[in-house]
Amino acid sequence: MSEQIINSPCGVKGTIGFYPGCSLKGSSSEYAQSVLAVAKAFDIELQEIQDWNCCGSTAAHNLNKELALSLSARILALSEKQGLTEVVVPCAACYNRLTVTQHELNNDAALKQRVCDIIDMPIKGNLQILNVMQMIDKYVADRLEEKVTTPFGHKVACYYGCLLVRPHNILQFDRLEDPQSMDILMKRSGAEPIEWGFKTECCGAGFSVSRTDVVAKLSGNIVKDAADRGAEAIIVACPMCQSNLDMRRPQINEYLKQKIDIPVIYITQAIGLAVGLSPKEVGLQKHFVPAQFA
Amino acid sequence: MSKIGVFICHCGENISATVDCERVAAEAGKMDGVEFATDYKYMCSDPGQTLIKNAIKEKGLTGVVVGACSPRMHEPTFRKACAEAGLNPYLCEMSNLREHCSWVHEKNEQTTEKAIDLVKMLVEKVKKNKPLNAIKVPITKKALVIGGGIAGIQAALDIANAGQQVIMVEKEPSIGGHMSQLSETFPTLDCSQCILTPRMVEVAQHPNITLYTYAELEHLDGFIGNFKATIRLKAKSVDYKLCTGCGACTTKCPNKKIPSEFNEGLGMRTAIYTPFPQAVPNKPVIDRANCTYYQKGKCKVCEKVCPTGAIQYDLPDQFITEDIGAVVIATGFNVLKTDFFPEYGYGKYADVLTGLQFERLASASGPTLGEIRRPSDGKVPKKIVFIACSGSRDPAKGIPYCSKICCMYTAKHAMLYQHKVHDGESYVFYMDIRAGGKNYEEFVRRAIEDDGVNYIRGRVARIYEKDGKYIVKGADTLLGSKPVEIEADMVVLATAGVSNPGAEELAQKMHVSYDAYKFFAEAHPKLKPVETNTAGIFLCGACQAPKDIPETVGMASGAAAKVIGLFSNNELTREPLIAVVNRSAPPVFSTCVGCFMCQTACPYNAIEREEIKGRDGSVIKTVAKVNPGLCQGCGTCVAFCRSKAIDIQGFSNEQMFAEVMALMNE
C-alpha cells in the first residue's frame, strides 16, 4: 500500500477558500462543523466563498450541460474574484462538479467563452480544488501523527463512494478502483482500516427519495460487508453516502433482515476525535445511528 | 536539351478525388524541357507502365517524372519500367502527389496548384540527374535468429535445412519460449511439450545451427548482407564443456525459494538451475542475483558437489562478434500481470491468476503436476471463473487492441478444467467470442455444448475476497444487463498480450521501427508482413503482434523463406545513392581539403582516408573517400563538408537547389 496520497498537490499556506455547498448547510451540517473544527485544529484558515450558489449537482448536468457548467463556473469565478487560488470542497458531488467544470472549460475555449458570457464573469481556470483528504495531506501531512492525542483505535471501513475518484482522468485523485487516501489518513490517526470489497460501490445516491428500496439494497450490501469484516465504523467523505448509509438504516436493516448498528461518520469527525476534539465539537451527536467511541 | 516525360497517376481516386490530374498533366506539358505529359488512372499497372515505356522509346525521353504515390511504394516499379525501355533507371524520379498532397488536403484549386509545383520541382531535378549504376556487394550467408521460442525455432530450422548457417541467440538459459510453458494446445488439445521439445532438440543438434543461450544481442552494425553482430554471452558460471547436466548442483543448492519464471511464480527454483527438466541445453546456470555465494561471499555448495569441476564462479560476461547477412527477430511477447488490474485486486489475491499461470497449473510438468489446485491452500477449486479481455479491447484502462489468442485459450482452459474437475463449475465472462481459424469455432462450441462451460456475455466490474471465496461481480448483457455475482474459488484473467520489456531497446539497437505498443513494425501490413523497414532484418511471431502457434509458425517459415531467398544470390545489388567525394584533374585532384570532419560525422564509419600520390610515390594530398559498401546515403557528411567536396549521388546539392529554385522562380 502506497503511503502517499496520489497526485495531491503541494504548496504554501495562505487563506484557502471554502465551498460548503447545500448539503453542508443543511442535512450534513455536522460535516461542515467537523471540517471547520479540524481546519482550526491544524491552523488552516478557511474563508467561505461569498455569494456562492448551488453546484448544479446531479440534476443540472442531466438536463442542461451549459446550465450545469455555468452554475459551477460561477463558483469558480467568484473564488478567483475573491483572490483565492485554492478552495476546499468537502462534498464529493460538489468537488466532482467543480473539478469537471474547470477541466471542461480549460479544454474548450469556445465553451469557456460561452459560459463566461452566461455568468458575466471572467474565469482564469487555474484554481486548485481540494477535497478534505487533499487538504489534510497538503497542509498537515506527516504532522498528523504528532497531533494525534487520542488515537482513533478502531477497525474502520473507508468508504469512498463513486464521485470522489471518478472520472479518474479528470480528477487525477487517488487510485481508481482501490483508493487509499482515506485509509492512509485513518491509519495515521490510529485507526485500523480493513480490506473490503465495497470501497467505491454505489450507495444508491439520489434514489434515496424515489426508490428507497434500491438504496436499501445497494447501501445494505455496503454496510453488511463492512460489518461482516468487523468494522466498527464506516468512514465517509460524502454527505450523500453518509445520509444513505445512516438515515436509511431502518430500511437497510429491513432489507438485510439483520440489525446492524455500525455508525457512519465523516473522516473529519474521526480525525477530529483523534486530535482531541470533543464529540460535540465535531457534531457526532447528529447521526441517526448513534456514534459513540469510547 | 532535355526531353522530359511527365506521367500523372490518378491512383484510382486516391489522387484524382482532390487533385485535377488532367490539369496537372496539361500544365506539366508546358514546362520548360518537358517533351511529353499525360495522366492515367493506374500508372503502376501494366498498361500504365507500357505507356511510360512507349513514350521513352517514341519520344526519345532523357528523363521521366512520375507524379503518383510515395517513392517508398513504387519507385522501384517505375525505375524498372524505364530500364526496360532503355533509359537509365536513375533518370526516373517520383513526385509524391498522394501522401504529400491529395491525402492531406481538401479538394480545391490550391491543392491542384500544389501538385503542379511538386511536379515542377521534380522536372527541374531530373534535368540534373546523371545515369548511375547499381552497386554490387557480397553477401555473408549466415543468419542471426534472435529468440528461441517457437517462432525462432521454426525460422532457424527452415533456414538451416535449406543449407544455410544460423546463429540463434536466446536470453534465457533454455530455448522453448512461452510454448514450452503451455499445457495443451487448441484446437486439438495436443500436448505442447510433446510437439515442441523434439524441435528444441533438433535445433541443438543441427550441424548448421550455432546456439547461444543466456545470450543477448549487444550491437548490430552494417547493412543487408553484411551485418556485424556483437553478442553478449552472459556468464553462466558453469563450464558447459565440463558439465554433464547430472543435476547434483541443482538438488543440493540451499537457496530453494526463488519464484520460478518458468512456472510463472507458482513454483520455486534454486539459485543454480535449469528452467525445466526438458530444457535445451539441459545444463544449469547460476542466477547471480539470488546466489548466496555471489551475494554473501560464501556457500559454494554447487562447486563441492559437482563431479566434473564445471562450476566456475569468476567467469565474466563474454562478447563475440559474428559476421552475418540477415537477421530474424523472433523475440516474442509477454502478458500483463494480475497487478495491472485494480478492479480485480491489484494482484493481491493468490487465486486470481493469469492465463499463463493457469497453463502451468494445468501442465503435467507444472508445480501441481497437472492438477488444478489453488495456490493459496492447495484445494481443488469447485467453481472457477475465467475473464476474457482482461485489459484487451479497453482503450480507457488497458490496451485498445484485441490480443487475439485469449478467446481460444480461455475456451481451452475451461475445457481442461472440466476434464480435470468433473464436479466443477466453470464460467467464462466474454465480450465477443473471436474464434476465427480452422476448427476454432467448433472448439469453442465443444467447450460450451459438450463440456458444459457457462458462457456469460458481459464484463466483470470487481472481484473481492470474502470468507475464502472470490466474489466476482459482473453483468449478463444478454439478459438485459442483469447483475451476476459468482462466488468463485479461483479466477483466471485472460490478460492482454503485450510487447516484451526490452523490445524498444532492441528495436533501437537494430534500427527497426516499432508501433505505439512497442511491437515491431512490419514493412507493409499486407504485402510485407515479415519484412521490417530495414533491409535484411525480418520478423516473425508475437514480437510483431499477439498471435497463436499456427500463425507464428507460418510467419516464421515466411521469414525463413525471405532469408533463404536473399542467400540464394552471391551478390547483392544496392542502390548507388551514396556519398562520393569529388575528384578533378591535377593540380587540384579534389576540392576536399582533408579536414576529415566528415569522418567524425559519419554514423556508419564509411569514410576512409586516401592518399593521392605523385609518380615518384610521394604523397601530394590526403583526401576523404567513401566506402560504397558501408555508406547508407544519409547525407550527414554533405552537411558537414566545408569545401562542398561531398555530394550524394542522385541527391546532389545541384539537384536539391534546382528543386528549390523551381519553387522560387514563380
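Reader: What distance separates the centres of domain 1 of chain A and domain 2 of chain A, taken over C-alpha atoms?
Author: This is a predicted model. The domain assignment splits chain A into domain 1 (16-132) and domain 2 (145-286). Taken over C-alpha atoms, their centres are separated by 23 Å.

Reader: How many residues does the contact take from domain 1 of chain A and from domain 2 of chain A?
Author: Contact here requires C-beta atoms, placed from the backbone, within 7 Å. Domain 2 of chain A gives 24 residues, and domain 1 of chain A gives 23 residues.

Reader: Which element gives the largest share of the side of domain 1 of chain A that touches domain 2 of chain A?
Author: Three elements give two or more residues to that side: α1 (21-25), α2 (29-41) and α5 (92-106) of chain A. The largest share is nine residues, and the element behind it is α2(A).

Reader: How many residues of that side of domain 1 of chain A are charged?
Author: The side of domain 1 of chain A that touches domain 2 of chain A has eleven nonpolar residues and eleven polar ones. Charged residues number one.

Reader: How many residues on the side of chain A that touches chain B are charged?
Author: Five residues of chain A contact seven residues of chain B. On the chain A side, one is nonpolar and one is polar. The charged residues number three.

Reader: How far apart do the C-alpha centres of domain 1 and domain 2 of chain B lie?
Author: Domain 1 of chain B spans 4-133. Domain 2 of chain B is assigned as 142-234 + 317-332 + 500-570. Their C-alpha centres lie apart by 40 Å.

Key:
Residues numbered from 1 in each chain as written. Chains lettered and ligands numbered in written order. Predicted model: local features only at pLDDT ≥ 70, side-chain atom pairs only at ≥ 80, totals over all residues. Contact = placed C-beta atoms within 7 Å. Nonpolar A, V, L, I, M, F, W, Y, C, P; charged D, E, K, R; others polar. Domains from an automatic or database assignment. Helix = DSSP H or I, 4+ residues; strand = E, 2+ residues; numbered from the N terminus.
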